[in-house]
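Ready to poke around a protein model? Grab the viewer and work through the exercises below, peeking at each solution only after you've had a go.

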Amino acid sequence: MKQSTLFDRPAVKRKTTEVVAEAGSPDPKVAKSFCKQWLKDFQWLEHTDGKMFCTVCRESKKKNPMASSGTNNFRRSTLERHSESQDHQSAVEAKLLRRTMRTTTEKAVTKAENAIIAAMRTAYFTTKLNIPISHYGEMIEFLKFQGKLLFLDFCRDFILSTFMSSVKS
C-alpha cells in the first residue's frame with residue numbers, strides 16, 4: 001500500500017477575498033468615523049454635526065439624503081455612489097449652467113456699458129466742438145467700424161438728444 005504524502009494530494013483552490021479597509025475603520029464593511037481625506041477627494045462634500053452632506057445637491061434643493069438629512073454611513077463607496085447618481089449629476093450640471101449664465105451676462109453688461117460710455121463721450125465731443133448734430137450718426141458709425149460700439153443701435157438718438165440738452169444747459 002502506497003503511503004499518501006502532502007505533495008500527492010490534489011491542490012485545493014481556496015477562495016481569497018482581498019478587501020481593503022477604508023481609512024478610519026478596521027472593519028472594511030462599516031467605517032466608524034469620517035475620513036478627512038474625503039473632503040479633498042470630493043469637492044462637494046461637507047461634514048457637519050457627525051453627518052456628511054453634498055453642498056451641490058443642497059444648493060440645487062435636491063431631495064436626496066445627502067442634500068436633506070445627511071448620512072452617517074461613513075464609507076467611501078457611499079460617496080462614490082452619490083457622486084455617480086443621476087440626482088447629483090443633474091445638480092452639478094445646473095451649477096455649471098448657472099455659472100456660465102452669470103459670466104455671460106456680466107460680459108454682455110460690461111460691453112453694453114462701455115458702448116454707452118463711448119457714445120456719450122462722442123456726444124460730448126460733438127457738442128463741445130459745435131459739430132452739427134447731423135454728423136453724430138457718422139461719428140457713431142465710425143466708432144462701430146473701429147469695434148468700439150456694438151450695442152448702441154437701439155439708443156443712439158435717445159442718448160444724443162438727452163446728453164446734448166444737458167451739456168448745452
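Here come four exercises on this predicted model, each with a worked solution.

**Exercise 1. Find the aromatic pairs that involve F34, and classify their geometry.**

Solution.
- Step 1: Start with the whole structure, where a search turns up three aromatic pairs.
- Step 2: Take F34 and W38. Their ring centres are 5.5 Å apart and the planes meet at 90°. Angles over 60 degrees count as edge-to-face, so that's the label for F34 and W38.
- Step 3: Now try F34 with F74: 6.1 Å centre to centre, 75° between the planes, and again edge-to-face.
- Step 4: Look at where these two sit. F34 is in the segment before α1 (37–41), while F74 is in the loop between α2 (55–59) and α3 (76–84), so the pair links parts of the chain 40 residues apart.
- Step 5: Put it together: ring pairs join F34, W38 and F74 into a cluster.

**Exercise 2. Decide whether F34, W38 and F74 are buried or exposed.**

Solution.
- Step 1: The cut-off you need is 20% relative accessible area; anything under that is buried.
- Step 2: F34 comes in at 15%, so it counts as buried.
- Step 3: W38 has 2%, so W38 is buried too.
- Step 4: F74, at 9%, also counts as buried.

**Exercise 3. Track down the nonpolar cores and see what L45 touches.**

Solution.
- Step 1: The largest nonpolar core holds 15 residues, and W38, W44, L45, M52, M66 and L79 have the most contacts inside it.
- Step 2: Ask which elements contribute: β2 (51–54) and α2 each provide at least two of this core's residues.
- Step 3: Zoom in on L45. Leaving out residues up to four places away in sequence, L45 touches F34, W38, L39, M52, F53, M66 and L79.
- Step 4: Look elsewhere for another core, lying apart from the largest one: it has five residues, including A119, A123, Y136 and L143.

**Exercise 4. Work out which side of α3 is buried, and what covers it.**

Solution.
- Step 1: List the buried residues of α3: T78, L79 and H82.
- Step 2: Look down the helix axis. Those buried residues fall within an arc of 95°, so they line one face of α3.
- Step 3: Check the other side of α3, where R81 and E84 are exposed.
- Step 4: Find the cover. Over the buried residues of α3 you'll meet α1, β1 (45–48), β2, α2 and α4 (86–128), among others.

Key: Residues are numbered from 1 along each chain as its sequence is written. This is a predicted model: local features need pLDDT of at least 70, side-chain atom pairs count only at pLDDT 80 or more; totals for chains, interfaces and linings use all residues. Side-chain values use heavy atoms; hydrogens and water are left out. Rings of Phe, Tyr and Trp (its six-membered ring) pair if their centres lie within 6.5 Å; planes under 30 degrees apart count as stacked, over 60 as edge-to-face and the rest as tilted. Buried means under 20% relative accessible area, exposed over 50%, partly exposed in between (1.4 Å probe, protein chains only). Helices (H or I, at least four residues) and strands (E, at least two) are DSSP runs, numbered from the N terminus. A nonpolar core is a set of buried Ala, Val, Leu, Ile, Met, Phe, Trp, Tyr and Cys residues joined through side-chain atoms within 4.5 Å. Contact means heavy atoms within 4.5 Å. The arc is that of the directions from the helix axis to the C-beta atoms.
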